[in-house]
Amino acid sequence: MNTSPFKGQKLGTSGLRKKVTEFQQPHYLENFTQSIFNSLDKFQGKTLVIGGDGRYYNKTAIQTILKIAAANGFGRALVGQNGLLSTPAASAVIRKHKAFGGIILSASHNPGGPDGDFGIKYNISNGGPAPEKVTDAIYEHSQKITEYHRTDAPDIDLSQLGKTQVGEMTVEIIDPVADYAELMEQLFDFEKIKALFQSGFTMRFDAMHAITGPYAKVILEDKLAAPAGSVMNGVPLEDFGGGHPDPNLTYASDLVDAMSDMNAPKFGAASDGDGDRNMILGQRFFVTPSDSLAILAANAHLVPGYKGGLAGIARSMPTSAAADRVAEALGINCFETPTGWKFFGNLLDADKVTLCGEESFGTGSNHVREKDGLWAVLFWLNILAVRQESVAKIVAEHWAKYGRNFYSRHDYEGVDAQQAQALMEKLSNKFSQLKGQIFGADIVDYCDDFSYTDPIDKSISKNQGLRIGFDDDSRIVFRLSGTGTEGATLRVYFELFEADVAKQNIDAQIVLADLINLAEELAEIKKYTGREKPSVIT
Ligand code: VG1
Ligand code: CO
């Protein structure tokens, strides 16, 4: 068998993400795939789900992975037609077909194409991202791998539905949308949403030329009777049309423009490269992901799949505490986890939580074990169909009742990795002297590097972000991204709570200005990043 020296990579929040050109090196993908299988046990004869977000190299990688899976003894592979499966759909397929696990090819919101990014991620039998125990094992194996096993078989036709063979393994090409659409129909009131569209309600969904196009067309336009053209940029392209498939105010500017018009549709939404993120917009109105989670929780009783109540809510640490306030009102627990969906898995499996969310445009529930972009859109549509109010009104009423958690995230993308590391170290050293200090009118309540003990398996995850909190519940969080492929990305998160309705309708950047200035004072962001301002403000 072929072998090659392979420098394994410690896996970030979402598997291995690298430039396409790195994945194209001889034996690179093979060694990594074999390292995944080496870290797994007892999968002989079992089912593996494979699919990706359609980016450049997706199909090539699938052909290789199939041959390695066959040689390693998997009995069956379920592959999305044309190699497509959104991340949440892959999770749904793993669960429905009781697969051993799945391999998802995606670099999520990172740009694609021959010069873009590629990624590979392993999901376990619950449909969720491999926990750290597994990703650490994959890393260990990638460090010592000396050979991989590959069946010598011809490439298969990924476009034909039905069964075929790769060596001893049966491959089934499946409709990538069907299982997922069926699950959505079980959770949401499709009749009511359809009636909403038939009454003249308008929306725009921006698939950003990524994976959700086919899903959105079938579900929104075919099943729910949204007017033709409601889905924009709906054809998946290998390079996402040259765009950056990240649904935020900067990169989803087509949609933001469409929603800013006086005649804008009533509802706008976008998803990312692999379909697990969502951005929610009303007419000339942006809903922060943190608020979206809280609003879904507060209105869950209006949605068939959740009308029995929520077991609990979980949010990542940098996500605002808006959801905590809803949990408190509902008398349920709210868990605070590190960044990354894998930390929700145990809580969901143990029925401790029903809804989960991250400030990075991620929302989801116990229906799968990934965040789910279209699911969030359908959840909003279901609420809008029942309440018959505008997005802006629903949000304003929410703030009036629970208070508003002003929130913003500033990203400094692609900065020098060593400088970013130095910034974090210096800040961390300063932290020991900050507690009790007064800045403006506020006293530092706590400052630490977030550490998390999983309530179920008691595993500990350290160094999950530097945070400084004040006595008025405002806070700043500093983290380095674990998903970038160029240099480092510094993320700075700001939050401030305002109960007074009269002070809630102000621009967040203005309200947060003191905290933003303080972040600069404490961390010397301009000096270390060499940037005058963030690359993305959310
Ligand atoms: C980012 C987000 C995080 C999310 C992760 C994967 O990670 O901040 O909340 O879970 O991306 O999302 P980081 O380490 O870059 O901050 V996805 O849609 O890329 O799988
Ligand atoms: Co994603």
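The side chains of Glu336 and Arg475 meet in a salt bridge, with an N to O distance of 4.0 Å. The model in which this pair occurs is predicted. Glu336 and Arg475 fall in different parts of the chain, for the domain assignment gives domain 1 (16–175), domain 2 (179–402) and domain 3 (404–537).

**The interface of domain 2 and domain 3**

The C-alpha centres of domain 2 and domain 3 are 26 Å apart. Their contact draws 28 residues from domain 2 and 26 residues from domain 3. About 2300 Å² is buried between the two domains, and carbon and sulfur atoms give 56% of that area. On the side of domain 2, Met317, Asn346 and Trp399 lose the most area to domain 3; together they account for 26% of what that side buries.

Polar interactions also cross this interface: the rule finds 4 salt bridges, together with 12 residue pairs in polar contact, both residues being at pLDDT 80 or more. Several elements of domain 2 supply at least two residues each to the side that touches domain 3, namely α10 (289–298), α11 (322–330), β14 (333–337), α12 (345–349) and α14 (391–402). Sorted by class, that side of domain 2 has 13 nonpolar, 9 polar and 6 charged residues.

**Salt bridges**

The structure as a whole holds 32 salt bridges. Side chains of opposite charge can pair when their charged atoms come close. One further pair is formed by Glu397 and Lys393, whose side chains meet at 3.1 Å, N to O. These two residues are separated by about one helical turn because they are 4 residues apart in helix α14.

**The surroundings of ligand 1**

Ligand 1 is surrounded by 19 residues, of which the closest are Ser360, Ser481, Gly482, Thr483 and Arg491. The shell contains no nonpolar residues; 10 of its members are polar and 9 are charged. Three side chains that place a polar atom by an oxygen atom of ligand 1 are listed below.

| Side chain | Partner | Distance |
|---|---|---|
| Arg17 (N or O atom) | oxygen atom of ligand 1 | 3.0 Å |
| His109 (N or O atom) | oxygen atom of ligand 1 | 2.9 Å |
| Asp276 (polar atom) | oxygen atom of ligand 1 | 2.9 Å |

Of the tabulated residues, Arg17 lies in the range of domain 1 (16–175), and so does His109. Asp276 belongs to the range assigned to domain 2 (179–402). Among the closest residues of the shell, Ser481 and Arg491 fall within domain 3 (404–537).

Note on methods
Residues numbered from 1 in each chain as written. Chains lettered and ligands numbered in written order. Predicted model: local features only at pLDDT ≥ 70, side-chain atom pairs only at ≥ 80, totals over all residues. Heavy atoms only, no water. Domains from an automatic or database assignment. Contact = heavy atoms within 4.5 Å. Buried area = accessible area lost by both parts, 1.4 Å probe. Polar contact = N/O pair within 3.5 Å; in protein donor to acceptor, adjacent residues only side chain to side chain. Nonpolar A, V, L, I, M, F, W, Y, C, P; charged D, E, K, R; others polar. Near = heavy atom within 4 Å.
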